[in-house]
Amino acid sequence: MKNWNSLLCLSLLVIIMGACAKQSSPMGGPKDEKPPILLGSDPKDQALNSNPSEINLTFDEFIKLENPNNQIIITPKIETDKVEFLAIKDRVNIKLNQELEDSTTYVFNFQKSVQDITESNPVERLKLVFSTGNTIDSLRLKGKVDYVFQKNNQEYEDILVGLYNDNDTLDIFSDAPYYISQVDSSGSFEITNIKSGTFKVYAWHDVNNSLKAEFRSEAYGFLSEPLNINKNISNVQINLFRADLTELKINRSAPSGSNFDIILSKPVTEYKIDHPDINKTMFHRISDKTIRIYHKVMENDSTEIQVSLMDSVGFKVDTTLMAHFETSERTKEKLEISTNSGENFIYQITAELTFNKPIYNINFDSLYISYDSAGIIPINNSNLKFEDSTKNIKLLISLNLPDSIPNNTFTLIGKDSTFQDIEELWNESQVEANYTKLNSENLADGISGIIDTDERPFIIQLLDKNEKIIQEKYLNETNKFEFTNIEASDYKIRVIVDRNKNKKWDPGNLFEKIQPEPIYYFYDTETQSSEFILRGGWTLNDILIMTRPESGIQKVPEKTDKLIIEGLPREIMDINMEDLSVQLP
């Protein structure tokens, strides 16, 4: 019996000791809001001639590591896939598993990866610096990252800034950078402990944590020229934008039913098909990455066509193809129509009808505007035009309404069999689109102002809060603008500097070192927002749209050696320091 009691006591003691050794949150008591404190590291911070195989940091309490592979930034670049990160009680252990470069300063920036085990309080601004040589590299690069297309409450999470040696062929699309830093919540960045040299500078939104940019899906920016860092630099600006730099090419071309398809490698912003029959018996349309060519009379025959393509970054393809048209029993694609129904207007209805295929014929007897159960306004050929007569895809119908009509709501009606496409199919169902005439009492008198730059020309756009273009103007000779007849609502104003004069915004091209065209927004300093309210009867005059920094090294304001003394007469307020003989205490 005595032996059984001894064994029972020993078992209880083991259980109690195991419970004491378990790492867990204490029951009750005040919430722990203090982060762990670093007690020491091996190697020590700022250590010289240190070439460790592993690194250890000791804290004043038990800790854990949160996503160390992405959170811990190591510069210069090492083979991170070989590094092992461990949290052992109150210690962080990092096994490098590789040789470090000679005479090189290494920086381990832990960001918020080290946290206490109870409340996940992160250690702030935890960084370890050591050198494998006898000096610590101390050069620093600071700056700001922003987006070309600005938004209120812009998010800067997951944006990285990287430096690549100018003498290698690596870039943000191919490999991780040599030096790297993460942007803070205000868009600012700082890279420290840089060795003197010349570097290519990039920034990118690293959504997938690959330490590289995906030019199909992630925004990025760059400095056009390599940066010689031989002193501290604190005025770098990098603006991010999206631009797909994949190669533009024709993947294949072949007959499709009775038509001929050209399949592209990526969407294009411009394309042209040249042939003597264009807009007579040959028409075409584009859908995503497919150009489809229709011919009304050609069957089982081929003809030579010229194809010109250009994508958003300026890549071009000019080639000649043999388009072959075959007889086919395949069911033809139905004619589909979308409209801009729901639009408001002031004096003139402008209806937009977009077709999935080129239109060849319109029956005007069944096309009209209805404004009550009996009243109609006929539409004829003078009221319409195609946006591009070589495609006949987007139809614009404009109609001035008589003042004698008191109604505010009007409906465009296109009955079945009103529109016939190039394949001789008619619309099977009725098309309806509604438009509302605005009450003059709900209109603002106007907006006017100045764009604070000497560059020309501009595209200036009045946008609603969803960034839909309400009005747009192209200014060649002046930096003054005005919008009139505006519905009371919330708006933004955006300015595009059209440097290549093609009347659209163009993104940059990293391979050709071309920066995106600048975009400026009106910014309300009182509300700290790019949005503003316009009410009926209001007039907003003298709006000033300021420019903002483009990617590059920003000019630092010149220092003055003048002492400005308040309260003195104006003629003696400016005193040159060299002429000041008063001894200051």
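This short presentation describes some sheets, pockets and one cavity of a structure.

Good morning. Please keep in mind that the model before you is predicted. I shall begin with a sheet, move to the pocket whose lining draws on that sheet, and then turn to other parts of the chain.

Three strands make up an open sheet, arranged in the order β4-β7-β9, and their pairing is antiparallel. Which strands stand at the edges? They are β4, residues 73-75, and β9, residues 126-131. Each of them has a single partner strand, so one side of each is left without a neighbour in the sheet. From one strand to the next, the twist averages 10 degrees.

Let us look at one pairing within this sheet. Strand β7 covers residues 105-111 and pairs with β4 over three bridges, in the antiparallel sense. If you would like to locate this pairing on the model, find Ile73, which stands opposite Asn109 in β7. As a general point, side chains in a regular strand alternate between the two faces of the sheet.

Asn109 brings us to the largest pocket, as this residue is among those that lie nearest the pocket's centre, together with Gln111, Gln182, Val183 and Asp184. The largest pocket holds about 1,100 Å³ of space, and 33 residues line it. Which elements each supply at least two residues of that lining? They are α2 (68-71), β4, β7, β9, β12 (179-182) and β13 (188-194). The largest share comes from β13, with five residues. By character, the lining of the largest pocket divides into ten nonpolar, 13 polar and ten charged residues.

Strand β13 also belongs to another sheet. This is an open sheet of four strands in the order β13-β10-β17-β44, and its pairing is mixed. Its edge strands are β13 and β44 (552-553), each of which pairs on one side only. Strand β10, residues 139-147, runs parallel to strand β17, residues 233-240, and six bridges join the two. Within that pairing, Gly143 has Val236 in β17 as its bridge partner.

I now turn to the second largest pocket, which contains about 890 Å³ of space. It is lined by 25 residues, and those closest to its centre are Glu343, Asn344, Phe345, Ile469 and Ile470. Two or more lining residues come from each of β26 (344-345), β27 (348-355), β38 (469-475), β39 (480-487) and β40 (489-497). Which element gives the most? It is β27, with four residues. The lining of the second largest pocket comprises eleven nonpolar, eight polar and six charged residues.

One of the contributing strands, β38, deserves a further word. Strand β37, residues 458-464, runs antiparallel to β38 and is joined to it by six bridges. Ile460 stands opposite Lys473 in β38. The hairpin of β37 and β38 has four residues between the strands, and Glu467 takes a positive phi near 65 degrees there.

Finally, how many cavities of 30 Å³ or more does the structure hold? It holds one. About 110 Å³ of space lies in this largest cavity. Its lining includes Val148, Asn239, Tyr520 and Arg548, and Pro516, Pro518 and Pro549 are also among the lining residues. The lining of the largest cavity divides into six nonpolar, three polar and three charged residues.

That concludes my presentation. Thank you for your attention.

Key:
Residues are numbered from 1 along each chain as its sequence is written. This is a predicted model: local features need pLDDT of at least 70, side-chain atom pairs count only at pLDDT 80 or more; totals for chains, interfaces and linings use all residues. Side-chain values use heavy atoms; hydrogens and water are left out. Two strands pair if DSSP finds at least two bridges between them. Axes are lines fitted to C-alpha atoms, for helices over the stretch in contact, and angles run from 0 to 180 degrees between N-to-C directions. On a 1 Å grid over the protein atoms alone, a cavity is a set of points where a 1.4 Å probe fits but cannot get out, and a pocket is an open set with protein on both sides within 12 Å along at least five of seven lines; lining residues have an atom within 4 Å of a point. Grid points are joined across faces, edges and corners, and a volume is the space filled by probe spheres set on the points. Ala, Val, Leu, Ile, Met, Phe, Trp, Tyr, Cys and Pro count as nonpolar, Asp, Glu, Lys and Arg as charged, and the others, Gly among them, as polar.
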